Every structure is written in C-alpha cells, then in structure tokens.
Amino acid sequence: MGYLVEGFKTAFVILFTGQEETFSAIFTTLKVSTFSITITLAVGIPLGFLLGYYSFPGKRVCRTVVDTLLALPTVVVGLLVYAFISRVGPLGSFGLLFSLKGVAIGQFVLGLPIVVSLTASATEQMENSVRLTLMTLGASPGQLAASSLWEGRYAVLAAAMTAYSRIISEVGVSMMIGGNIKWRTRTITTAIALETGKGQFAEGIALGIVLLGIAFTVNAVVSLARRRASS
Amino acid sequence: MTAIYELRNIIQRYSNRTVLDIPDLEIEKGAIVGITGPNGSGKSTLLRILAFLERPAAGEIFFNGEHVRDIDDRLRRKATLLLQESRLLKRTVFDNVAYGLNARGIRKDLTAKVHEALRMVGLDPGEFAVRSWFQLSGGESQRVALASRLVLEPEVLILDEPTASIDALSGMIITRAILKAREMLGTTIVIVSHDVDWAYGASDEVLSMFSGRIRSKAIENILHGPWQKNHDGTVCMHLDDGQAITAIAPPDGDLFTALLDPEDIILSMDNPGSTSARNTVKGTVVRMNLENGERSVLVTVSVGGFNMTSRVTTGSLSRLGLVPGKQVLMVFKATAFRWV
C-alpha cells in the first residue's frame, strides 16, 4: 500500500508544480474532447429530435440501430476509424491518422449514438400536453419544433453531458487513432495507461485525479439538469 | 346573431372506434356555450376539433361562414384552448404570456399587453412577471395559462374544465376574467365544466353529451344502473335508501344506460295519489340553478344518494316554495326513459 500513498503524495506535487508533460496531456484532452462534443451535439441533437419527434417508416429500426450503437466498444470504433483514415483507407489522403483530428472523428462516432438516442428519448417522453400547449398558443410548425426542443433542454443537456463523459474517459480511440504521441496526441487516458505500464503510479494517479474531477463536474451538471427537467 | 361555427356530419374515429358523431351543431358568435357530460362522452374531442387541433375523420366545419378545408396557423390562431391542467412552458411568467404574441410576430406594446393580461387574472405583474414556471401554485399556473390566451384576444376561447383542480379563489378569478373577455372583446366562449352553477348561470346554451353525441341542448339525467329485469317487461334500479326507479325495458334488452329529460320529472310536495306515472321517489333539494335567459329553474334533488334534476318554471318554484334542504317528491313515467 505504501507505493499507492507515495503515489498520491507525488501526484499532488505534480499537479501543484504544474509539471509540463502532465499538463500537456490535460490540455490535449480538453482540446480534443471539446471539439468532438461540439460537433457531436451539432449533428446529434437535430438528428435525435427528428427521430423522437416525427413518425416515419423504419423509425423503430432506426431506434434499435442507434440504441445498439450505444454499447459500441471504443476499440471497435478505433478499428473502424483506423481502417478509414490509414494510408490505405478511403480517407487516407487527408493524413488524419495519429492526429487530434483523427481522434476527434473517433470520439464523434462514439458520442453520436448517445446524443441521438438520449435526445430522441427525451423528445418521445415529452408530454403531449407540451405540443398541445404550443399549438393552442399559435406556434407554427417551425416554432413548434424549436420550442419543443427548448422545453426539453434540460434532458438534452443531460444527454450532452453523458456523451461528454464517455468521450473524455475513452482510451481505445485515443490510443489507436492518436497513437499516444507525447506533446501531440497524448491524452489523460492514454497517459495513465502508459505511466501505469511503466510503473509510474504518481503520474497516473495525478492524471486520474484530474479525470475524476472533470467527471465529477460533468455529473454534477447532469444531476442539476435532471432535477430541473423533472421540476 | 351569426354562427361562428357550423359543424355538419362531423365524425371522429380513433382506431376505428367512433368517439364523436355530431350531425349538426351551430355556435353563435359571442355566445357562451357550456358542454356537460360524463367522462368519455367526447367533450374533449369536440373541443380539440373546435380549437383546430385535430381534423375530424369526416364532415364539414364552417368557421365564420368559411368552409374549413385545411387547418393552418392562421385558422388555429383564431381559437385557443385552455386545457384542464394547463402546462406552462419552462420559462418565466412573462415569457409564457408573451409566447403567443411572439409567435405571431407582435412586438408592439408587448410588455404593456402582457402586464394587462396578468392583471386581468388577478396577478400583480411587478411580482409575478419575473417568476419562473416552478415558482407558482396550481391556481396561479392556471391563471398564467389563461392570461397567455387572453393576451391573444382570440375570437374563440375554449376551456376544458378550467377550474376543476384549483382553489376556489383562483376559480372565481378565472371565471370573472373569462366573462370580462367576452364583455370587452365579444369573444365566443366554449366551456366544458362539471360546475353546474357555471354551466347554467353563465351559459347561453348548454350541450349535454353522451357516448360521442350531443343528446340534447340541455342537461339530462344519466342513470347508469345497475338495472334488474322484472317479469312484467320493466327494469328496476335500486337506490341506496331502499327506493327504486322503474323503467320500460329497452327493445333490444341490452341494459346499459338510461337518459331521463328533466322536463319529464314533475315535482310535488304531496303524494300525487293515483296517476299514470309509475315512479314517485322522495328526495331533498340540494341545488337550484336559474337557466340563463330562461324563465325556468333546474332543481337538483338528492334521491338515495343519487342526484336527479328537474326543470320547473319560476312560477312553479315559488308556488311550491322550494328551497335547498326541503323534501320533495319526484314523479315520472316508466316510459320517459331513453336508452343508449
């Protein structure tokens, strides 16, 4: 147990002295995850709303596919994206392999089903009275759709935060697509994996504390959003 | 008076089940029309059709003389429906009341209009406008929901049990605001209410609905039974106090629900002796409502825990000296029932 206690002590020293290598991984993680979640939400929220709000042939099949993709293993996403962006893949000419853009594509694939599925669920669970109320107040079809989405904003925020939690904590995509290149594509999770493998527990614990701190903040926001949504 | 609504052969079906069947209905412009009837009688479906929230499966609707072929925003914005438990949008009170005006692109005097609507429903704009939706009581929420509709100055205000689940004070304020809207703007009011005083005190016309049909333009006594068959071709419904009501059995023998027109019930202080009427039951007067614009009064009598209503003239009322709490006999024929 001694090495764990020692690891925690050193971890705090690393965090408070601002060790450059550790903070590089933290900033890389925040940069790529912020970019990924932005694109994921921009695409996922409208798609989820359309899936939940409108009825169309094949809707049930779409829901089943999206819900199945929720359990997509990160290494499978990594493998698929790798196949597409590697030199011999169809997108090989863009040079995305071992870049943060490539990692962002993988995280987008990972987060999209979460945002689509949870937004669709939130929209489906919206009481019919919301729609009726908006219609009785004279909302046009466009206003009806926009206002319905706004009424479900807390549930959509919870969906966004859930997707962000998954994106920031994944290791498969970052490792396979990013390649864990120091100063460039090394993220918190890939750094933890590396440091643990090297027996450098202090660095691993320091990064773990940061990751837990981010996860705690995200979950606090989700919890607040859920409380607001149910009030 | 001209008709604002004309409904011809309206039928509505849900999953191949007919829930509304109205051969002919006209609602006059500026009128207050009350709709009564038990749960599942088609009241809410009728309201949604009148509010242009759903299209009937068959039939024609004329609004202000114009044949309604397509329901669009322009049409829907002329009539607004207040639901029984209205849902407020997850915004401030001000934004809730302003929503409909914003949807219509009305920006001029927005704040003044919103504040005026809040004042109409007895809410101080200074105190309430900035509140969020979750900072209101049930009665206050319903008043905000009404203000959101009054501010639109609709041609038709449709209300589904607006005072059913709120406190008495809020109910009274809502009632006043509705009547004020009609007085100031000539708004046509269509209201579903179990509040008999409301229906008969304020309405120009009362439609009684049952099983998706308008049974009469007045209240009817609805006797659900259970009915027991007698050997002489009659059926009998036993009341809690040991009295019984006898009716001629329906031709198809299917005992379900019997309707009895209040016109067919005679009130008497003494036993009428030998008459052709088979039924004489004793009860206590519990309520009396003067019918709007009529010289008649609806007298509701509790008979064995069951309320029955009779229509009498104001002259008969004073001759009999009827007051709530007084015992009275209700006399009616076994042939007076209609079966549905």
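## A tour of the model, starting from strand β8 of chain B

Begin by selecting residues 188-192 of chain B, which make up strand β8, a strand that is mostly covered, since five of its five residues are buried. The model you are looking at is a predicted one. Turn on the side chains of this strand, and you will find B:T188, B:V190 and B:V192 pointing one way from β8(B), while B:I189 and B:I191 point the other way, with all of them buried. In a regular strand the side chains alternate between the two faces of the sheet.

Keep β8(B) on display and add its neighbours. Select residues 32-36 of chain B, strand β3, which pairs with β8(B) in the parallel sense over four bridges; within this pairing, B:I32 has B:I189 as its bridge partner. Then select residues 156-160 of chain B, strand β7, which also runs parallel to β8(B) and is joined to it by five bridges, and here B:V156 is the bridge partner of B:T188. To follow the chain from β7(B) to β8(B), add helix α7, residues 168-185 of chain B, through which the chain crosses in a right-handed β-α-β crossover.

The next stop is helix α6 of chain B, residues 138-150, whose 13 residues reach 18 Å from the first C-alpha to the last, close to the 18 Å expected at 1.5 Å a residue. Is this helix mostly covered or mostly exposed? Helix α6(B) is mostly covered, with 11 of its 13 residues buried, and among the buried residues are B:E140, B:R143 and B:R149, as well as B:V144, B:L146 and B:L150. To see what covers them, show β6 (79-82), α3 (93-103) and α4 (110-120) of chain B, together with β7 and α7 of chain B, which are included in that cover.

Now move to the open sheet of four strands in chain B, where the order is β2-β1-β4-β5 and the pairing is antiparallel. Strands β2 (17-28) and β5 (66-67) of chain B stand at the edges with a single partner strand each, so one side of each is left without a neighbour in the sheet. Inside this sheet, select β1 (residues 3-14) and β4 (residues 58-63) of chain B, which run antiparallel and are joined by five bridges; B:I11 has B:A58 in β4(B) as its bridge partner. Adding helix α1, residues 43-50 of chain B, shows a helix that lies across β1 and β2 of chain B and runs at about 125° to β1(B).

A further open sheet in chain B has five strands in the order β16-β20-β17-β18-β19, again with antiparallel pairing. Its edges are β16 (266-268) and β19 (306-313) of chain B, each of which has a single partner strand, so one side of each is left without a neighbour in the sheet. Neighbouring strands of this sheet are turned by 45° against each other on average, direction ignored. For a detail, select β17 (residues 279-290) and β18 (residues 296-303) of chain B, an antiparallel pair joined by six bridges, and find B:M288 opposite B:V299 in β18(B).

Finish by showing both chains, where 14 residues of chain A are in contact with 19 residues of chain B. On the side of chain A that touches chain B, α6 (128-136) and α7 (141-151) of chain A each supply at least two residues, and α6(A) gives the most, with six residues. The residues of that side of chain A divide into five nonpolar, seven polar and two charged.

How values were computed:
Residues are numbered from 1 along each chain as its sequence is written. Chains are lettered from A and ligands numbered from 1 in the order in which they are written. This is a predicted model: local features need pLDDT of at least 70, side-chain atom pairs count only at pLDDT 80 or more; totals for chains, interfaces and linings use all residues. Two residues are in contact if their C-beta atoms, placed from the backbone, lie within 7 Å. Ala, Val, Leu, Ile, Met, Phe, Trp, Tyr, Cys and Pro count as nonpolar, Asp, Glu, Lys and Arg as charged, and the others, Gly among them, as polar. Two strands pair if DSSP finds at least two bridges between them. Axes are lines fitted to C-alpha atoms, for helices over the stretch in contact, and angles run from 0 to 180 degrees between N-to-C directions. A residue is buried if 20 or more other C-beta atoms lie within 10 Å of its own, exposed if 12 or fewer, and partly exposed in between; C-beta atoms are placed from the backbone. A crossover is right-handed if, with the strands pointing away from the viewer, the path from the first strand over the helix to the second runs clockwise. The expected span of a helix is 1.5 Å times one less than its number of residues.
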